[in-house]
Every structure is written in structure tokens, then in C-alpha cells.
Amino acid sequence: MSNQATYIRAQARLHHAYFLGLQLMVSANKPPAFIEEWMFKLFRRQHEDKFLSSFEKLGLSYLPDAVACAQYHAIANNIGGVGVEYAYENDQKAWVRFRYPRWMFDGPTICGIPVEASRGFLRGWYAHNGVSLNNPKLGFVCVSEDMTGEFGFCGYFLEHDHELTENTRLRFAKGERPPPFSEAEQPRPPSAQWSEERLEKANRNYAIEYVRNAVVTLGELIERDEAVELASRAARLIGLQYFQQMRGMVGTDDGDLNSATEFMRRMFEGMGDSVEVISPANTESRLRHSELRITKNLSAERQALVLTCWEHLWIGALASFQSIKRIRRLDEGKGVIWVISEEA
């Protein structure tokens, strides 16, 4: 694997961890009903941003809607590093089964997230597929959930013989089971367009999109100061906790100011951003960072919110050095300057 691919993979892992940590942070500080509304709005935003454009890119438009939706969720999630299996029953009914470990609630995280989180994403995304496809008869039936200790998230897209209402697009049918798994029928992304490099980048982008949309949505539901406090504290903790793993992945030392500067340069390179060292280490070093993926295409207000929280990933990471480092952000046009120094 090339250095660039390793840096990309490091960012995918770090942002995945931040998304998990943010869910736990919010779940520990807000009631379950709030978590459901947050997840509902997050997944509706993700759906509206990504579903139809990705649907076309994956070449699924020629299939019956229920089958196309199930194949979409299998392909798109697997591209993002999420294990999902597909099963065909008939043209009006097709299944998805998410396998463990669950990307969305990886590791022990699954024990700390309320069931309302999954109800929120079911309403926000899965129940909305028929609306997006202009098929009022298409709904989703959930047969098993994660936090309830069944066999994991599983269900099927079903085209009914009548139009559905907002309250009937999602229903539960616990006890039903999917057809036997068939490796031969698993859908794959078009191989000509999906190289290994593109898949690595898609995996990273998948995690980044969830992070920034989760922060933006949180800021819409509660006061900005509270959203910043929760999302920044989660980011700082993840930076502290994951520094050694990230350092090992990108191949830098747990050492001096030069080590910290090179760590940051490689991590930002893994974002696909433009980064250069403009002031070599003496008492401090500076990096110019532009074309930030984390704030790409966001409004100025949303950029400010996301960047304010996101910088705490790096505050935490540099504080985790054996010789504690400090980092501060200076805004510069459409980019930023990062100033790195030893703690006084």
C-alpha cells in the first residue's frame, strides 16, 4: 500500500471514531427522544444529499424499485466499509441484512446508543426511498434491530399494492427472516469506475460526510454553544485516544516539534487537502492548509461551526504527544494556518 493510501485510511478510521464518539457524547448528555430526532434529521440530510445521485452512478435505474433500493444499500454501504448483504425474493420485495461488527455502532459503542438512534435513521432514510423515487407504494419493513439484541439490523424494501402514507412507509415485522445468503447474487459496483484507490477515498469520504453532517444537524437542534461544547469535547477525546494509532499508521515519531508538524502534514494530505509547511520548526512551525474537505460546499455559518469543533481532533492529538504540543488555528481566506508549538 502506498503512503498516500495509508494516510487516506488513517483519516477514514479517525473520522469513523469521531462519529462514534459524537454519538456517545450526545447520548450521554441528551434524552433518547432527542437522539432519535438528531438521527432522523442527519439521515434525511444524507439521503437528500446522496441517494439519487449515487443511485444513478451505480447503474441501478433499470431495476424494479424494491430490488434497486436493496442493491443500492448493499453496494453503497460496502463501498463505505459497512458490511451489508442483499437477498432477492421477488421484483416487489428485496432484503438487506447488515452484518457485524456494525460500522454505525462499532465496538462497545453499540452498548451505549439508545434504540431511538436506529428508529431515527430508519425514518430519515429507509422510509424515504419511495418518496425520492416518486413511487408512493414503496416502503421498508424492519424485521430486526441492533440495540434490541436480535440478529442485527435487517429488513426488506416492499412495493405494496396501494399507496403509503408518511406513517406507513416504515413498519416492523419482528420474527420474519431473510432468504438464505447467496454469494453469487451479491451486487458489485461497476468495476471500471471503482478502482481500489477510489474505494479507499470513498471509505474516507463516507466517514467525513457523516461527521460534518452530524455536527451541522446538532447545531440546528440545540443552541450553538451547547453543540460546540459537546462536539468539541468528543473530538478532543478522540484525538487524544487515537493519536498513537494514527501516528503508527502514517509513520511519524512521538517526538519533537518536527514530528508533530510532519504528523499533521501527512494527516491533512490524507484528507486530499492542499497542505504545505511554510515555517519550519524552531520554537513553532506553521502549515498552510487549503481546500478543506471537511467544510467543502458548506455555508459560511456551517463552515465556522464544523471547523470550530473539528480542530479539537488535532488539539487532542497533539496534546497526546509524550512532550505535549499545542496547536492553534489562524483563518486565512478560504483556508487556515496551523501554528504548532511545544507547550509552555
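The questions and answers below concern the sheets, helices and nonpolar cores of a predicted model.

Q: Which strands stand at the edges of the sheet ordered S6-S7-S9-S8?
A: Four strands make up this open sheet, and their pairing is antiparallel. A strand with a single partner has one side left without a neighbour in the sheet, so the strands at the edges are S6 (274-279) and S8 (325-332).

Q: By how many degrees are neighbouring strands of the sheet S6-S7-S9-S8 turned against each other on average?
A: The sheet is open and has the strand order S6-S7-S9-S8. With direction ignored, the average turn between its neighbouring strands is 25 degrees.

Q: Which residue of S9 is the bridge partner of Arg329?
A: S8 pairs with strand S9 (residues 335-342) in the antiparallel sense, over eight bridges. Within S9, the partner of Arg329 is Trp338.

Q: At about what angle does helix H9 run to S8?
A: Helix H9 comprises residues 300-319. This helix lies across strand S7 (284-290), S8 and S9, and its angle to S8 is about 155 degrees.

Q: Which strands stand at the edges of the sheet ordered S1-S2-S4-S3-S5?
A: This open sheet has five strands, and the pairing is mixed. Each edge strand has a single partner, so one of its sides lacks a neighbour in the sheet; these strands are S1 (84-90) and S5 (170-172).

Q: Which residue in S2 stands opposite Tyr86?
A: S1 and strand S2 (residues 93-98) run antiparallel and are joined by six bridges. In S2, the residue opposite Tyr86 is Val96.

Q: Which strands does helix H3 touch?
A: Helix H3 (residues 65-79) packs on the sheet, and its direction makes about 170 degrees with that of S1. The strands touched by H3 are S1, S2, S3 (138-144) and S4 (154-159).

Q: Which helix gives the most residues to the largest nonpolar core?
A: The largest nonpolar core has 102 residues, of which Tyr18, Leu22, Phe263, Trp310 and Trp314 touch the most other members. The greatest contribution from a helix is eleven residues, and it comes from helix H7 (residues 224-250).

Q: Which residues does Trp310 touch, not counting residues up to four places away in sequence?
A: Trp310 is among the residues that touch the most other members of the largest nonpolar core. Leaving out residues up to four places away in sequence, its contacts are His15, Phe268, Met271, His289, Leu292, Ile294 and Trp338.

Key
Residues are numbered from 1 along each chain as its sequence is written. This is a predicted model: local features need pLDDT of at least 70, side-chain atom pairs count only at pLDDT 80 or more; totals for chains, interfaces and linings use all residues. Side-chain values use heavy atoms; hydrogens and water are left out. Two strands pair if DSSP finds at least two bridges between them. Helices (H or I, at least four residues) and strands (E, at least two) are DSSP runs, numbered from the N terminus. Axes are lines fitted to C-alpha atoms, for helices over the stretch in contact, and angles run from 0 to 180 degrees between N-to-C directions. Contact means heavy atoms within 4.5 Å. A nonpolar core is a set of buried Ala, Val, Leu, Ile, Met, Phe, Trp, Tyr and Cys residues joined through side-chain atoms within 4.5 Å. Buried means under 20% relative accessible area, exposed over 50%, partly exposed in between (1.4 Å probe, protein chains only).
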